[in-house]
Amino acid sequence: MDYNNFYDIIFKRKSIRKYDLSSLDNNILQELLDYIGNLKPMYKNIEVQMKIVTGEVVRNLFPIKAPYYLLVYSEEKEKHITNAGFMLQQVDLFLSANGIGSCWAGLTQPKKEIANESKLNYIIALAFGKPAENIHRDNLSEFKRKAIAEIRNNGEKDELLEAVRLAPSAVNSQPWYFKVDKNKIHAYCVKSNLIKGIIYNRLNQIDMGIGICHLCIAAKHLGEDYIFISDKDALDNPPKGYYYITSIEILEKRI
Ligand SMILES: Cc1cc2nc3c(=O)[nH]c(=O)nc-3n(C[C@H](O)[C@H](O)[C@H](O)COP(=O)(O)O)c2cc1C
């Protein structure tokens with residue numbers, strides 16, 4: 001995985017919703033499949049499958065007409081939804097880096113005819129194909145995002161958190177908040193009320209995986225390694241209105 005290249009892509013990627021419906025070259029699809037085979041999970045013990053399908057075999061409530069969809073399936077385990085978001089965001093960036101448009105598709109479902117193709121649970125899809133609009137943003141002002149001060153308690157890890165700030169999220173809700181405590185970054189997700197929660201709880205957990213993916217790419221870019229840990233104190237002391245997801249411990253810089 002070329003982290004340096006992906007780091008740059010974080011600052012210009014965007015969701016692509018207009019596609020040229022023609023097919024992608026078989027070599028490109030093969031390269032994508034090879035790349036998918038080497039994605040980094042947050043948790044190695046969760047089984048995940050990804051399948052490329054064409055637009056005819058999915059049902060779209062919100063119609064993005066794309067020629068291809070990457071469907072993600074996962075074993076149900078603790079944090080499996082966040083893990084899926086973490087992995088699929090690597091594909092979003094890979095596609096953007098290679099001139100292929102993509103858009104997370106939270107309202108897309110596999111049609112009945114392919115419903116039994118995986119024994120795992122369907123999580124979400126990423127629409128993709130040749131873009132029929134500019135693939136990248138020209139500058140940062142085109143990102144509609146919260147200010148950095150709204151998503152963290154102090155500025156000690158802003159180089160990492162700026163990459164999270166720009167991450168995509170369902171309905172651009174940006175549900176993340178980070179408590180920085182020396183070399184640990186505790187990640188929290190906003191709580192939804194009962195009604196909103198029916199739709200957003202799941203999507204926001206995917207968003208958290210996406211944001212954490214951007215954080216990890218920024219850490220690698222800065223030559224830092226990291227591990228995911230569960231921190232009891234962070235779990236017990238969430239900011240008001242948020243719940244704990246995980247902590248990222250930044251390890252000493254590689255030389
Ligand atoms: C989990 C998830 C689900 C999404 N579902 C949809 C969708 O169903 N339709 C759509 O047009 N965009 C969808 N999006 C794209 C977001 O609206 C988009 O990422 C956000 O508005 C930020 O814009 P940007 O990606 O161009 O930076 C989804 C994004 C995420 C992360």
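Biologist: Why is lysine 220 called partly exposed?

Modeller: Its relative accessible area is 24%. Buried means under 20%, exposed means over 50%, and partly exposed is what falls in between (1.4 Å probe, protein chains only). So 24% puts lysine 220 in the middle class.

Biologist: And what are we looking at here?

Modeller: It's a predicted model, where local features need pLDDT of at least 70, side-chain atom pairs count only at pLDDT 80 or more, and totals for chains, interfaces and linings use all residues. Residues are numbered from 1 along each chain as its sequence is written, and side-chain values use heavy atoms, with hydrogens and water left out.

Biologist: What makes the pairing of lysine 220 and aspartate 225 a salt bridge?

Modeller: A salt bridge needs a side-chain nitrogen of Lys or Arg within 4 Å of a carboxyl oxygen of Asp or Glu. For lysine 220 and aspartate 225 the N to O distance is 3.0 Å, so the pair passes. Aspartate 225 is partly exposed too, because its relative accessible area is 23%.

Biologist: How many salt bridges does that rule give?

Modeller: The count comes to 10. One of them joins aspartate 92 to arginine 13, with the closest N and O atoms 2.8 Å apart.

Biologist: Where do aspartate 92 and arginine 13 sit along the chain?

Modeller: Aspartate 92 is in helix α3 (residues 80-97), arginine 13 is in the loop between α1 (3-10) and β1 (19-20), and 79 residues separate them, so to speak of distant parts of the chain is fair. Those labels are DSSP runs numbered from the N terminus: helices are H or I with at least four residues, strands are E with at least two. Both partners are buried.

Biologist: What about lysine 14, which salt-bridge partner does it have?

Modeller: Glutamate 133, at 3.3 Å between the closest N and O atoms. This pair also links distant parts of the chain: lysine 14 is in the loop between α1 and β1, glutamate 133 is in the loop between β7 (121-131) and α4 (158-165), and they are 119 residues apart.

Biologist: Are lysine 14 and glutamate 133 buried or exposed?

Modeller: They split. Lysine 14 counts as buried because its relative accessibility is 17%, while glutamate 133 reaches 26%, so it counts as partly exposed.

Biologist: How do you know how many disulfides there are?

Modeller: A search of the whole structure finds 0. Cysteine 189 has its nearest cysteine sulfur, that of cysteine 213, 16 Å away. For cysteine 213, the nearest is that of cysteine 216, at 7.1 Å. A disulfide is a pair of cysteine sulfur atoms within 2.5 Å, so neither distance qualifies.

Biologist: Why are cysteine 189 and cysteine 213 called buried?

Modeller: Cysteine 189 has a relative accessible area of 0% and cysteine 213 has 1%, so each falls under the buried cut-off.

Biologist: What makes histidine 214 buried?

Modeller: Its relative accessible area is 0%, so the label fits. Histidine 214 lies in helix α5 (residues 194-221). Leaving aside residues up to four places away in sequence, its contacts (heavy atoms within 4.5 Å) include Ile10, Gln89, Leu93 and Pro168.

Biologist: Why do Leu61, Phe62 and Leu107 count as a nonpolar patch?

Modeller: Patch members need over 30% relative accessible area and no salt bridge; like charges are joined within 9 Å, nonpolar side chains (Val, Leu, Ile, Met, Phe, Trp, Tyr) within 5 Å. Leucine 61 is at 66%, so it counts as exposed. Leucine 61 lies in the loop between β3 (58-60) and β4 (68-74). Together the three have about 340 Å² of accessible area, a value from the Shrake-Rupley method with a 1.4 Å probe, where only the protein chains shown count as cover for residues.

Biologist: What is notable about the phi of glutamine 174 and lysine 182?

Modeller: Neither is a glycine, yet phi is positive: about 50° for glutamine 174 and about 55° for lysine 182. Glutamine 174 is in the loop between α4 and β8, and lysine 182 is in the loop between β8 and β9 (184-190). At 5%, glutamine 174 counts as buried, whereas lysine 182 is exposed at 65%.

Biologist: How is the protein divided into domains?

Modeller: Into domain 1 (3-131) and domain 2 (144-253), with bounds from an automatic or database domain assignment. Their C-alpha centres lie 22 Å apart, and the contact takes 23 residues from domain 1 and 26 residues from domain 2.
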